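User: I would like to learn how to read the features of a model of a complex. Please take them one at a time, with the general idea before the case.

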Amino acid sequence: MEDECEKVWSLRRKTGYTNSCYYTVAKKIMPPVNPNPPTSSSRSPMKGIIIAAVVAGLLLLGGLLWMMGVFNQFMPKEAMQTATTTQQQQVQQPTNDLPTASNDASDSAIAQDSAAIDAEMGSLSSDSASMDQSLNDQPVSQEY
Amino acid sequence: MKSLYFYVRMLLAFSLLTPAFVMAQVGAGVNAGASATVNTTNTAQVRTTAGASTTVSTAVMARAKAKAGQEIERRTKALSDLKARVAGMNKVTGEFKTNLNTNIDTQIQALGALKTKIDADTEGEVLRADVVSVTQSYRIYALIIPQARIAAAADREAKIINMMATLGAKLQARIEAAQTAGADITVISAVLVDMGAKLQSAQVHAQAAVNGSATLTPDNGDAAKMASNAAALKTAQAEIKAAHQDVLAARKNVDTIVKGLGTISAGASASGTVQTQ
């Protein structure tokens with residue numbers, strides 16, 4: 001390229017042509033550029049509004065889907081487990097009606113639990129008898 | 001060994017008895033149309049002089065009012081006792097419990113209003129209609145009380161099922177520990193599985209009793225509906241008894257398992273003693 005420039009420069013010195021040699025030579029080896037590049041004044045304002053509306057809509061849709069938990073499958077596993085565990089605790093809290101701790105499987109605990117169950121079984125017999133009595137109740141004759 | 005934990009998880013999911021449909025009989029017991037069925041010819045059978053018949057009618061009315069008052073008082077007391085029992089229920093849903101209380105309160109208030117009306121009645125036929133309505137319209141003993149008694153029994157059974165499921169999980173842990181120690185747990189494992197099945201069956205029966213009785217409403221003199229209500233209550237009663245038998249059988253299984261674990265422990269101790277010698 002420099003040899004080419006030297007040839008061109010010596011010719012220009014003779015003719016008075018002062019444009020850059022490298023520019024002249026580069027034009028020969030580089031693809032032509034768009035002589036009419038787009039300017040801001042030539043863009044449609046509606047196009048920008050439409051693009052902004054689409055972006056806003058996507059953001060809104062994403063927020064809704066996030067609230068619905070659609071993206072839960074992509075959440076970190078630890079956070080998901082915590083959220084699920086918390087939800088399960090809120091929905092299903094197992095109740096222990098036994099007098100001893102639910103994880104106490106000792107002989108004494110089992111004996112106490114059995115005794116508590118027997119007490120409830122006795123109350124169930126009473127409830128059942130009351131039920132039978134109410135179903136077998138005969139109407140009392142009226143004065144008339 | 002089949003895990004009892006599966007049964008425990010299932011039972012905990014159904015630890016609260018929920019009727020298929022909540023009762024909607026608020027105010028349904030009051031029937032202003034009962035007088036249409038009253039026989040208006042009975043007063044002609046009294047054979048006395050004009051003056052004396054008035055006195056007899058007054059006396060009869062007074063006795064009728066007194067008797068009706070006693071019947072209303074008896075029902076009101078039974079409803080108050082029932083309300084105390086409902087307050088102790090904790091295995092049915094809050095909504096079901098609220099509905100039971102609402103119905104009981106409505107019946108108590110309606111009976112109180114009826115007593116006031118009866119005391120103020122001056123016409124024989126009107127009094128007759130009001131006295132008849134004590135049994136026909138309100139159906140306290142024919143429906144309301146049996147209905148709540150069934151719910152109370154089912155609630156008690158649900159509590160027992162829950163307790164035995166928790167105990168069953170403990171027994172399972174003991175059985176697994178015995179198995180780890182090298183004991184033969186075949187027999188008691190089978191008993192544990194049977195216990196789980198009995199508890200599951202009891203749960204089904206108790207729920208069926210609630211489902212079959214919770215939605216019944218007073219017949220208001222409708223003979224067909226009265227028969228239908230009676231049949232439904234009898235069916236629910238049978239379900240309660242079936243659940244009762246299941247929990248009794250499960251309780252026996254507990255004793256069998258505990259005895260078996262004791263035998264295993266005794267055998268392990270004996271073998272340990274022999275080895276140390």
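## Reading the model

Analyst: Start with the largest nonpolar core, which has 56 residues; the members that touch the most others are B:A148, B:A151, B:A154 and B:M164. The model is predicted.

User: Which elements each supply at least two residues of this core?

Analyst: A core can be read by the elements that feed it. Here the contributors from chain B are α2 (50–87), α3 (94–120), α5 (140–180), α6 (186–213) and α7 (223–276), and chain A adds α5 (107–135). The largest share is that of α5(B), with 22 residues.

User: What does B:A151 touch, leaving out residues up to four places away in sequence?

Analyst: B:A151 touches B:V92, B:L100, B:V210 and B:A214. Apart from the largest core lies another one, of 10 residues, including B:M61, B:A64, B:V131 and B:V134.

User: How many helices and strands are there in chain B, and in chain A?

Analyst: Element counts and their order give the outline of a chain. Chain B has 7 helices and 0 strands, in the order α-α-α-α-α-α-α. Chain A has 5 helices and 0 strands, and from the N terminus its elements run α-α-α-α-α.

User: What share of the residues is buried in chain B, and what share in chain A?

Analyst: Burial is read from a count of neighbouring C-beta atoms, with 20 or more within 10 Å as the cut-off for buried. Of the 277 residues in chain B, 40% are buried. Of the 144 residues in chain A, 8% are buried.

User: Could you show me the count for a single residue?

Analyst: Take A:S114, which lies in helix α5 of chain A. A:S114 counts as partly exposed because it has 18 C-beta neighbours inside 10 Å. A:S114 is also 16 residues from A:L98 in sequence, with a C-alpha to C-alpha distance of 8.9 Å.

User: Among contacts in chain B between residues at least 6 apart in sequence, what share joins residues at least 24 apart?

Analyst: Sequence separation tells how far along the chain the partners of a contact lie. In chain B, 86% of the contacts between residues at least 6 apart join residues at least 24 apart.

User: How is confidence read, and where in chain B is it lowest and highest by element?

Analyst: Read the chain average, then the elements, then the stretches. Chain B has an average pLDDT of 80, and 77% of its residues score at least 70. Among the elements of chain B, helix α1 (residues 4–13) has the lowest mean pLDDT, 45, while α6(B) has the highest, 97. Residues 5–16 of chain B are below 50, and the model gives this stretch 25 contacts beyond near neighbours in sequence. Residues 19–52 of chain B also stay under 50, with 55 contacts beyond four places in sequence. For the complex, the predictor gives an ipTM of 0.74 and a pTM of 0.63.

User: How many residues of each chain are in contact with the other?

Analyst: An interface can be read by its residue counts, its elements and its composition. In this model 37 residues of chain B contact 29 residues of chain A. On the side of chain B that touches chain A, two or more residues come from each of α2, α4 (124–136), α5 and α7 of chain B. The largest share of that side, 19 residues, is from α5(B). By class, this side of chain B has 20 nonpolar, 12 charged and 5 polar residues.

Conventions: Residues are numbered from 1 along each chain as its sequence is written. Chains are lettered from A and ligands numbered from 1 in the order in which they are written. This is a predicted model: local features need pLDDT of at least 70, side-chain atom pairs count only at pLDDT 80 or more; totals for chains, interfaces and linings use all residues. A nonpolar core is a set of buried Ala, Val, Leu, Ile, Met, Phe, Trp, Tyr and Cys residues joined through C-beta atoms within 7 Å. A residue is buried if 20 or more other C-beta atoms lie within 10 Å of its own, exposed if 12 or fewer, and partly exposed in between; C-beta atoms are placed from the backbone. Helices (H or I, at least four residues) and strands (E, at least two) are DSSP runs, numbered from the N terminus. Two residues are in contact if their C-beta atoms, placed from the backbone, lie within 7 Å. pLDDT is the predictor's confidence in each residue, from 0 to 100. Ala, Val, Leu, Ile, Met, Phe, Trp, Tyr, Cys and Pro count as nonpolar, Asp, Glu, Lys and Arg as charged, and the others, Gly among them, as polar.
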